[in-house]
Amino acid sequence: MSSAPRSDKIWMDGELIDWDKANVHVLTHTLHYGVGVFEGIRCYKTKKGSAIFRLEDHTKRLFDSAKITGIEIPFTMDQINEATKNTISVNKLEECYVRTIVFLGDESRGLNALNCNVRVSIAAWPWGAYLGDEALSKGINVKVSSFNRHHPNVFMTKSKTCGAYVNSIMAKTEALKAGYDEAILLDPYGYVAEGSGENIFIVRNGKIKTPPLPSILEGITRDSVIRIAHDMGIEVTETNLSRDELYIADEAFFTGTAAELTPIRAVDGRIIGNNGIGPITKKLQTAYFEAFRGETDVYSEWLSYI
């Protein structure tokens, strides 16, 4: 019996079905060739009830990803938003992680996917801190991977495409086997890109730097943190970062739906700053947590209540 978190119902192709019945054929095209797109979303418990963080933005990115990969989703954005809320509600989840996936059916056996039906599924389950509870307070130990982020014209990097995450999984596995918590991938030109599933920021001399968009995913948490930093009057520069600039950073942190805002304690054995969460990182983390928990009205438009 799997110990992975689960719930009771999954929304699949327009209807809610039992978790154990949400199955596909072994010849499903996306299983073999990786052409599918997905989103990861979080729902949080707030004083006003459960709320999904930036639901509309996640759904828009799902449709953008599908457009990039040439997939036409057989539902509207409003229908997907409503289905997401219904999936959380029917499973009676106050807080959860949501995985929406658009994939191709089993109507084709070869590379020609034009005859495949487009399938859509939404699952939700309880999920705590992705990198562990201590990671949020004490930071994590990471390594620069031997695997690179995709070139933007080899695997278009603005799409959360299923197959694109093969190198992320290989990078993550490599890091874990070497005794690290997470990996950092460089872009095709040797500059810092992102983690296996997170965007990355550093702090130097009171200013924040983060890699520019060409070779990275347009992270929604990344965008949220940049806005929060600007509102605090902290300068954020999107610029190429060399590997050695990570080593001499005063602070560093990952952002992502799963990782939320996780400090980086060390990179390749080099201690970052004071070997823990730095003051700017802590300030941003606190503000970000207040935003998704509805503890401030400043970012109330980011919350979609169930």
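This text walks through the structure from its overall build to single residues.

The model is predicted: local features need pLDDT of at least 70, side-chain atom pairs count only at pLDDT 80 or more, and totals for chains, interfaces and linings use all residues. Residues are numbered from 1 along each chain as its sequence is written, and side-chain values use heavy atoms, with hydrogens and water left out.

Start with the whole protein. Its secondary structure comes to eight helices and 16 strands. Both are DSSP runs numbered from the N terminus: helices are H or I with at least four residues, strands are E with at least two. The C-alpha trace spans about 55 × 45 × 35 Å along its principal axes. The radius of gyration is 19 Å, which agrees with the value near 19 Å for a compact globule of 306 residues. That radius is taken over C-alpha atoms, and the globule rule is 2.2 Å times the number of residues to the power 0.38.

Next, the inside and the surface. Of the 306 residues, 51% count as buried. Buried means under 20% relative accessible area, exposed means over 50%, and partly exposed lies in between, with a 1.4 Å probe and protein chains only. The protein exposes about 14,200 Å². Carbon and sulfur atoms supply 51% of that area. Accessible areas come from the Shrake-Rupley method with a 1.4 Å probe; for residues, only the protein chains shown count as cover.

Contacts link distant parts of the chain. Among contacts with a separation of 6 or more, 70% join residues 24 or more positions apart. A contact means heavy atoms within 4.5 Å. Charges come next. The protein has 34 positive and 39 negative side chains. Lys and Arg count as positive, Asp and Glu as negative; His and the chain ends are not counted. The centres of the two sets lie 2 Å apart. Each charge is placed at NZ of Lys, CZ of Arg, CG of Asp or CD of Glu.

Now look at helix α2, residues 55-69. It has 15 residues and reaches 21 Å from its first C-alpha to its last. That is close to the 21 Å expected at 1.5 Å a residue. The expected span is 1.5 Å times one less than the number of residues. The buried residues of α2 include L55, H58, L62, F63 and A66. R61 is buried too. An α-helix has 3.6 residues a turn, so residues three or four places apart point the same way. The buried residues of α2 pack against helices α3 (77-90) and α6. They also pack against strands β3 (36-46), β4 (49-53), β5 (96-104) and β16 (303-305). G70 follows α2 and has a positive phi, near 80°.

Helix α6 is one of those partners. Its twelve residues should span 16 Å at 1.5 Å a residue, and its end C-alpha atoms are 17 Å apart, which agrees. Among its buried residues are I220, R222, V225, I226 and A229. Just after α6, G233 takes a positive phi of about 80°.

The loop before α6 starts from β11 (207-210) and holds P214. P214 counts as exposed because its relative accessibility is 52%. Outside its sequence neighbours up to four places away, P214 touches P152, T157 and K158. P214 and K158 are 56 residues apart along the chain, yet their C-alpha atoms are separated by 8.3 Å.

Move to helix α3 for N86. At 35% relative accessibility, N86 is partly exposed. The C-alpha atoms of N86 and W11 are separated by 8.4 Å, with their positions 75 residues apart along the chain.

Helix α8 (279-292) offers two more residues. T281 is found in α8. T281 has a relative accessible area of 1%, so it is buried. Beyond residues up to four places away in sequence, T281 touches E251, A252, F253, L261 and P263. E290 also lies in α8. E290 is partly exposed because its relative accessible area is 32%. Its contacts, with the same sequence neighbours left out, are E295 and T296.

Two loop residues close the tour. Most residues other than glycine have a negative phi. D268 has a positive phi, near 50°. It lies between β14 (260-267) and β15 (270-271). D268 counts as buried, at 14% relative accessibility. N275 also has a positive phi, near 65°. N275 sits in the loop between β15 and α8. With a relative accessible area of 39%, N275 is partly exposed.
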